[in-house]
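Work through these exercises with the coordinates open. Try each task before reading its solution.

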Amino acid sequence: MKRRDFLRAGSMVAIGTVAFPQIIRSQITNLKEDLPKMLNHFRVTEADLRKVMAIALEKGGDYADLYFEHTFNNYLALQDGAVNRAGSNIDYGVGIRVVSGDQTGYAFVESTSMEDMINAARTASRIASGSAKTPPVKIDEKVFKNHYPIVKSWEDATIQAKMPYLQKLNDRIFELDKRVTKVNASMNDSTSYILYYNSEGTLCHDYRPMAILSGLCIMQQDGKIENAHSSRAARKDISFLTDEVVETVAQEAVKNTALLFNAVKPKGGEMPVVMGAGGSGILLHEAIGHAFEADFNRKKTSIFSDKLGKKICDEHIHVVDDGLIDYDRGSVNFDDEGVAGQRTYIVKNGILNSYLHDRISAKYYGVSPTGNGRRQSFRYIPIPRMRSTYMENGNYTEEEIIASVKQGVFVDNFTNGQVQIGAGDFTFFVKSGYLIENGKLTQPIKDINIIGNGPKALADVTMVGNNLKIDQGAWTCGKDGQGMPVSQGLPSVLVKQLTVGGQ
C-alpha cells in the first residue's frame with residue numbers, strides 16, 4: 001500500500017515500546033480540582049501538552065489531539081467449584097492524532113516521556129502539509145457531569161474481597177436446580193485514567209470504572225446436556241458486587257438453561273416476530289444502529305446515506321443513542337474526542353433525525369459532534385460508535401402485542417449478530433424463545449437465526465410496547481478491529497415479517 005493511501009486510512013505507528021514510569025496512584029473524582037492530580041499521574045505539565053501539540057501541527061494540520069490512557073484490567077474465574085484463575089494487565093500510553101483535510105495521521109507510544117511523545121507527534125504530523133498552525137496558548141479545561149461516580153475504586157479491591165462473590169454465584173446456581181452439573185463463573189473489573197487535550201484548547205479528564213459478572217450454567221437431564229449464560233455489567237466501582245447481582249445472574253442462567261430441555265427448532269420461514277423487552281435491542285444495534293454511524297454515511301456505504309430528514313418508519317417510533325445513563329456500560333462523561341456525552345435522537349417521529357457523529361463526520365455535515373467518537377484504547381483512532389441504543393416506549397402492553405399474532409415467534413434471548421452496512425441485511429442468533437399460536441406463547445424454541453433487512457424491519461414495526469428495558473449484559477460491539485462496551489434496549493415490539501431460520 002502506498003504511503004498516501006495508508007495515511008488516508010489512518011496510519012498507526014508505535015514509536016518504541018518502553019516501560020511506563022512509576023505512577024503514583026491517585027483517586028480521581030472528575031472534579032475540577034483533580035486536574036493537577038491527573039497531570040501528575042501521567043507525569044506531564046500543561047507546558048508539555050502545548051509543546052507536543054505545537055510539534056504535531058508544525059507541518060500545518062487542521063486539527064490535532066492527544067489522548068492519554070492508563071488502564072488496569074483484572075480477571076478472576078471459578079471452575080469446578082473453586083476460584084482457580086486470575087490475571088491482570090496494565091495498559092499505558094498516549095495516542096497523537098493529526099487531521100489534515102480528509103486524511104488522518106496517527107501514532108501512539110507506550111510512554112509519556114517528552115522524547116517519545118515528540119517522536120510520535122512528528123510521525124503523526126507527516127500527514128499534513130501547508131502553513132504551520134499554532135495551538136492556542138490558553139488551555140480551556142472542561143468539566144462534565146459524572147455519570148459513574150466512584151466511592152471505592154477497583155484499585156483498592158483485593159482478590160480476597162472478590163472471590164466470595166464468585167463462590168456465592170457458583171453455590172446459588174447449584175442450589176436452584178438439581179440438574180446442574182457444572183458452573184463456570186467469572187468477573188472482570190477495570191479502571192481507566194483518561195487525559196485529553198486538543199488543538200482547540202480543550203483539556204479534560206475522566207476516571208472510568210467497569211465491571212462484569214458472568215455465569216455459565218450446565219445441566220443434564222435424561223442424558224441430554226444444555227447450557228446458558230447470564231451476565232451483568234456496569235460502569236461501577238466495588239459497589240457493583242452485591243448479593244442482589246449474584247442472585248440475578250444465578251436465576252437468569254438457571255432459568256434460561258432449564259427452558260432449553262423442552263425447546264425445539266421451529267419450522268422456518270417468513271413470519272411475524274415479537275421481540276421481547278431488553279436484549280432484543282440487538283435489533284436496533286445490528287439492523288439499523290451501525291448504519292446510522294456517520295462514517296458509513298459520509299462514505300456513502302450505508303443504506304441510510306440518502307435518508308437524513310426523511311420518514312423511515314412509523315411516526316410513533318423514536319430511537320435514541322444515549323451516553324448519559326448513570327452507571328450504564330455504554331455511558332461516557334465525554335467521548336474520546338473531548339465531546340460531552342449526550343442523548344441523541346437518531347429517529348424522531350419516524351424521521352431519520354441525526355447520524356452518530358465524531359468530530360470528522362460532524363465537520364463534513366456541518367453539525368455539532370454527538371459525543372460518539374470512541375476508541376478501544378490509545379492505540380486506535382476514534383470513530384463513530386454507539387453507546388446505549390434503545391427505542392422509547394409505545395402504548396401497547398406485551399400481552400396485547402402477543403395476542404395480535406396468530407402464528408409467529410417470540411424471542412428475547414440473543415447471543416450475537418452482524419450486519420452488512422451497504423445492503424442493510426442482518427442476522428442474529430436466538431438462543432431461546434417461544435412459538436406464538438393463536439395469540440399465546442406455547443412451545444419453547446431454541447437455536448434459530450432471525451434474518452432481515454434493517455430499513456424494512458424498522459418500517460415493519462407495527463406495535464411498540466410500554467415496557468422499555470435497557471439490557472445490562474456484557475455487550476461488546478466490534479467495528480474496524482476495535483471492541484467497545486455498549487448497551488441496548490427495547491420495549492416489546494412486533495415486526496410484522498422477518499425470516500426465521502428453523503427446520
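**Exercise 1. Classify Arg122 by its relative accessible area, then place its salt bridge.**

Solution. The model is predicted. Start with the accessibility of Arg122: its relative accessible area is 39%. Buried needs under 20% and exposed needs over 50%, so 39% makes Arg122 partly exposed. Next, find the partner. The side chain of Arg122 meets that of Glu58 in a salt bridge, at 3.4 Å from N to O. Now locate both ends. Arg122 belongs to helix H4 (residues 114–125), while Glu58 sits in the loop between helix H3 (46–56) and strand S2 (63–79), so the pair ties together parts 64 residues apart in sequence. Finally, check Glu58. With a relative accessible area of 35%, Glu58 is partly exposed.

**Exercise 2. Which residue forms a salt bridge with Arg97, and are the two buried or exposed?**

Solution. The partner is Glu337, with the closest N and O atoms 2.8 Å apart. Arg97 lies in strand S3 (residues 82–100) and Glu337 in the loop between strand S10 (319–322) and strand S11 (343–348), so this contact links parts that are 240 residues apart in sequence. Both Arg97 and Glu337 are buried.

**Exercise 3. Describe the salt bridge between Glu200 and Arg359, end by end.**

Solution. Take the distance first. The closest N and O atoms of Glu200 and Arg359 are 3.2 Å apart. Then the positions. Glu200 is in the loop between strand S6 (180–198) and strand S7 (202–221), and Arg359 is in helix H9 (residues 359–365), so the bridge ties together parts 159 residues apart in sequence. Then the accessibility. Glu200 has a relative accessible area of 51% and is exposed. Arg359, at 16%, counts as buried. Last, look for shared partners. Asp65, Arg97 and Glu337 are joined into one network by salt bridges that share partners. The whole structure holds 26 salt bridges.

**Exercise 4. What lines the largest cavity, and which elements supply the lining?**

Solution. Count first. There is 1 cavity of 30 Å³ or more. The largest cavity holds about 40 Å³ of space. List the lining: Leu283, Leu284, Ala287, Ile288, Gly454, Ala457, Leu458 and Val461. Assign the elements. Helix H7 (282–289) and helix H11 (454–459) each give two or more residues to this lining. H7 gives the most, with 4 residues. Sort by class. The lining has 7 nonpolar residues, 1 polar residue and no charged ones.

**Exercise 5. Trace the pairing of strand S17 with strands S16 and S18.**

Solution. Begin with S16. Strand S16 (residues 407–419) and strand S17 (residues 425–437) run antiparallel, joined by 11 bridges. One register point is Gly417, whose bridge partner in S17 is Phe428. The hairpin of S16 and S17 has 5 residues between the strands, and Gly424 there takes a positive phi near 85°.

Move on to S18. S17 and strand S18 (residues 440–453) also pair in the antiparallel sense, over 11 bridges. Here Ser432 has Lys446 in S18 as its bridge partner. The S17 and S18 hairpin has 2 residues between the strands. In its turn, Asn438 has a positive phi of about 50°.

Note on methods
Residues are numbered from 1 along each chain as its sequence is written. This is a predicted model: local features need pLDDT of at least 70, side-chain atom pairs count only at pLDDT 80 or more; totals for chains, interfaces and linings use all residues. Side-chain values use heavy atoms; hydrogens and water are left out. On a 1 Å grid over the protein atoms alone, a cavity is a set of points where a 1.4 Å probe fits but cannot get out, and a pocket is an open set with protein on both sides within 12 Å along at least five of seven lines; lining residues have an atom within 4 Å of a point. Grid points are joined across faces, edges and corners, and a volume is the space filled by probe spheres set on the points. Ala, Val, Leu, Ile, Met, Phe, Trp, Tyr, Cys and Pro count as nonpolar, Asp, Glu, Lys and Arg as charged, and the others, Gly among them, as polar. Two strands pair if DSSP finds at least two bridges between them. A salt bridge is a side-chain nitrogen of Lys or Arg within 4 Å of a carboxyl oxygen of Asp or Glu. Buried means under 20% relative accessible area, exposed over 50%, partly exposed in between (1.4 Å probe, protein chains only).
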